[in-house]
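Student: I would like a close look at a single part of this model. Please take chain B and go through how it is put together.

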Amino acid sequence: MNMLKYIGRRLILMLVVMFGISIITFCISHLVPGDPLAANLGQTAMSDPEIVAAYEAKWGLDQPLHVQYINYMKNLFHGDMGTSIRTKQPVLSDLAQYIPATFEMATIATIFSILFGLLFGLLSAARHNKLPDHILRVFSLMGISIPAFWLSILLLYVFYLRLGVVPGSGRVGSDWLGAKFPTGFLIFDAIAYGEPDLLRDALGHLILPSFVLAASTMGILTRTVRSSMLEVMQQDYLRTAKAKGLSEGRILRCHVLKNGLIPSVTMFGLSYGSLLGGTVLVETIFSYPGVGLYAYKAATTLDFPAIMGTTLFIAAVNVLMNFLVDIIYAVIDPRIRY
Amino acid sequence: MRSMKKMTAVILAAAMAMSLSACGGGKGIEKAGDSTTAAAAPESSEAAGTEAAAGEETTAAAEEEASASQIIIGSAMTYSSLDPAHSYDWDAEMVLHSVYQSMVTVDPTDESKILPSAAKEWTISDDGLTYVFTLNEGVKFTTGKEMKAEDVAYCLNRVKGVKGNPSFLLDTVDSVEATGDYEVTVKLNAVNPALLSILTRGSMAIYDSEVAAANGGTCDESDTFQAYIDANPSMGAGSYQITAYTSGSEVIMEKYADAQKQGSIDKVIIRNIPDASTQQMEIEAGDIDFALDLTADQTALLEGKENLQTVTSKTFDIFFLMLNASEEYGKELANPKVREALKYAIDYEGICALAGNGAFTPAGIIPSGFLGYAGESTVTRDVEKAKSLLAEAGYPDGFTFNCGVIPDMAPDGVSFMMNAEKIQSDLAEVGVTMNIDSQEVSVYLESYRDGTEQAVIGQWGPDYYDSNNQLAFLPGNTVGLRAGWTEDMAPELAALGAEAAQETDDTVREQQFLDIQKMMDEADAPYIVYLQAGRTWAVNSRVQNIVPSAAFVLEFADLKVAQ
């Protein structure tokens, strides 16, 4: 019952947070220097008062800021996120087009980062202060500190251009360009409609960008898992387990892993949201048509409806992940009660 | 253990689903052009008779598919729509030019020559205010409808009426009317010698007006046809038809069998590859046939590589250092003597070398290829002269000024930032400190267009291919005002510009443009034009017959692919 109350309270709080984010995003995007007209109209068209007036009226830019915000929110509650100034398509349909691509990349990246972050963290803790620990600590530091654009170009150069073991940029190869996919989630579509070629192609195109996207989170997770494992390993009950003559594997599995992973669960959940935010650079270099590339173009052309749409989407994912993490936390750690 | 079992079950279920769906033939995914192929293919195999015959047919179809030619162009797409009435980006020109016909077109080797296209001939009234075009008969859109004068009138009126980016191009057009099935009359409210040149632009494309009108198209601001045209196959009469377009991702074009000018390549794909380094790797790996956005450094690295060729062509884009002439914003730069000094401080040869193949310094604002081009600049760097002019101007110890630069912009592969850094180091040698003020594009454009920047690194790509377009640089005109150069600061020059804008005799116009540039030089106009850019592409050697155009970039119908 307590849990249900907690979930209800959190859901209401989520709405408040989203509302706050909408105000902040709207204000920041409208108050930063820069003129959407300058960014979207040609040099000579900008000098034509008729075109400028028509443009302002069409996109509601001639209204006071608070009126623009109220109109936006009114439409939002009716499921209308507005029309993109740049693409002239409804933001909702733009997002529906780009979200599946980013979702796939971020999901594969999350799998990479959790899988390797966990493995490396455990290995590092189990071999504390020995060679594998030192190597893995260097790798995790590299993952955190290497800039994504540099790593992207390096990996493309080595694995695509020189070794030829992965396909180049884009989401699919030329055979599939322009194809209409029922859901837009290529991996799902390939499995559901029996297209193994498409599955191979899509997964091939996902390997490098997902790895680059995961690199930083993987490094952070390795370090978090390592330190929480080491903390658990100092506990008295571990000494007791050792004294009882339990094998190292059993101690790791039954005592260290179970207790040491609890703090890392928060990291796992939050990493998904941060991965979504990190797609901008990766999608640009890998020519990957996702939300990141869309958000970047929206920001540079001051396409307010698109900026609002992408920010609200990413914020919603983050808020949702936070919420899920809290629930999972309560489930796996009996000490936590709300 | 239990979770392992669950995992295995999920994997098995996925594998089973895949194999079952595979038996179903994968109807859900439709490849680009599938619908066209389906319509052309026989619906039943009964006609084939025996199994052997069916087999042969399949083989023949497979062979045909294998021999179908295709090229892939890698480009950092700047356009977000391919609706002619809204499109205004240089790289959209190549798509619009190949997909639609305009009434007239230009010779790619000499853009001042206007050639017939949808219109076979035209007449201009003595007062220069009425143009009558006669259309070719029997030209069909991809929709099957014949192109008629009503389509031309609708499309041009829509460009003017929707108040989109290119609408201003038709500001001098009073009316466009279908005065017969194949006759279009365009009436002007002021003489405009550049009209024919304007009509060659991709924005002036002609498409099926019935489809447009039935799908939200109007000739005023209530028009909603853009969303439709971007989501459906194109309906023009050019050599190719857009069969799939995903904004910010790719454009797929297929040969239009009934076009007047037939292309030899079956399919042209443009892929958005925003990063130049990625483009470079893709062309080296052979995954794309054209890399359109490489910098001079990158194309130099690809020179001589097996299976690659570099193609250099001209552009009409001029790059300049704008020095604000107003006392309020220009400060020291408002002094003409200072501007003259800076002109001699710059190393033009060095900048052109950095810009790469085909770049040179024109003598004025009229680019090479336009009427009234004054030849290459004869000004060379003279540090001592620059210093003495600065001393004369009252700045023997130099001064400091701010220059707005968009750091990540490199039109035609010419990096604004690299130009700015070169100019900065050149000016430092004469004691002038130029602070580079990096700005995001929307911030830069706002203050530049408001005329509040002290100086900027700027680029001007003409709106149409006529010298009239360059008159924007004159005092009181669009660019002039951005440089704080008002009409009263050089009234004679402004008057000559107004005269040239209405002159129809080319001999007189040429002399006027030469005089204008001379007067600008004498008045130390607030711009130092330091280069006219070339354009270099890396192209796979299998692609032949490449005819680049400064106007429409590339005509796909000209291209051939070596077998």
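Tutor: What follows takes chain B from its overall make-up to one sheet, the domains, the core and the contact with chain A.

Keep in mind that this is a predicted model. Chain B has 563 residues, and buried residues make up 50% of them. Its secondary structure comes to 19 helices and 20 strands. Take the contacts in chain B with a separation of 6 or more: 69% of them join residues 24 or more positions apart.

Now the sheet. Four strands of chain B form an open sheet, in the order β4-β5-β7-β6. The pairing is antiparallel. In general, strands of a sheet pair through backbone hydrogen bonds, either parallel or antiparallel. Look at the edges of this sheet. β4 (119–124) and β6 (173–180) of chain B stand there, each with a single partner strand, so one side of each has no neighbour in the sheet. On average, neighbouring strands are turned by 20 degrees against each other, direction ignored.

Start at the β4 edge. β4(B) pairs with strand β5 (residues 130–135) of chain B in the antiparallel sense, over 5 bridges. Thr123(B) stands opposite Val132(B) in β5(B). A helix also packs on the sheet: α5 (residues 149–161) of chain B. This helix touches β5, β6 and β7 (183–188) of chain B. The direction of α5(B) makes about 165 degrees with that of β6(B).

Step back to the domains. Chain B is divided into domain 1 (74–289 + 542–561) and domain 2 (314–535). Note that domain 1 of chain B is given as two segments. The C-alpha centres of the two domains lie 32 Å apart. Where do they touch? In chain B, 14 residues of domain 1 are in contact with 16 residues of domain 2. On the domain 1 side, β3 (110–116) and α6 (195–198) of chain B are the elements that give two or more residues. By class, that side has 9 nonpolar, 3 polar and 2 charged residues.

Next, the core. The largest nonpolar core of the model holds 229 residues. Which of them touch the most other members? They are Leu321(B) and Tyr530(B). The largest share of this core comes from chain A, though: helix α5 (residues 91–126) of chain A gives 15 residues. Go back to Leu321(B) and leave aside its neighbours within four places in sequence. Leu321(B) is then in contact with Ile423(B), Ala455(B), Ile457(B), Tyr527(B), Ile528(B) and Tyr530(B). Tyr530(B), the other residue named for touching the most core members, is thus one of the contacts of Leu321(B).

Last, the face towards chain A. The contact takes 54 residues from chain B and 56 residues from chain A. Several elements of chain B each supply at least two residues to its side. Among them are the helices α1 (2–24), α8 (225–231), α9 (276–285) and α16 (441–450). The strands β8 (240–246), β9 (250–255) and β10 (267–272) of chain B also belong to this list. By class, the side of chain B that touches chain A has 21 nonpolar, 19 polar and 14 charged residues.

Notes. Residues are numbered from 1 along each chain as its sequence is written. Chains are lettered from A and ligands numbered from 1 in the order in which they are written. This is a predicted model: local features need pLDDT of at least 70, side-chain atom pairs count only at pLDDT 80 or more; totals for chains, interfaces and linings use all residues. A nonpolar core is a set of buried Ala, Val, Leu, Ile, Met, Phe, Trp, Tyr and Cys residues joined through C-beta atoms within 7 Å. A residue is buried if 20 or more other C-beta atoms lie within 10 Å of its own, exposed if 12 or fewer, and partly exposed in between; C-beta atoms are placed from the backbone. Two residues are in contact if their C-beta atoms, placed from the backbone, lie within 7 Å. Ala, Val, Leu, Ile, Met, Phe, Trp, Tyr, Cys and Pro count as nonpolar, Asp, Glu, Lys and Arg as charged, and the others, Gly among them, as polar. Two strands pair if DSSP finds at least two bridges between them. Axes are lines fitted to C-alpha atoms, for helices over the stretch in contact, and angles run from 0 to 180 degrees between N-to-C directions. Domain bounds come from an automatic or database domain assignment.
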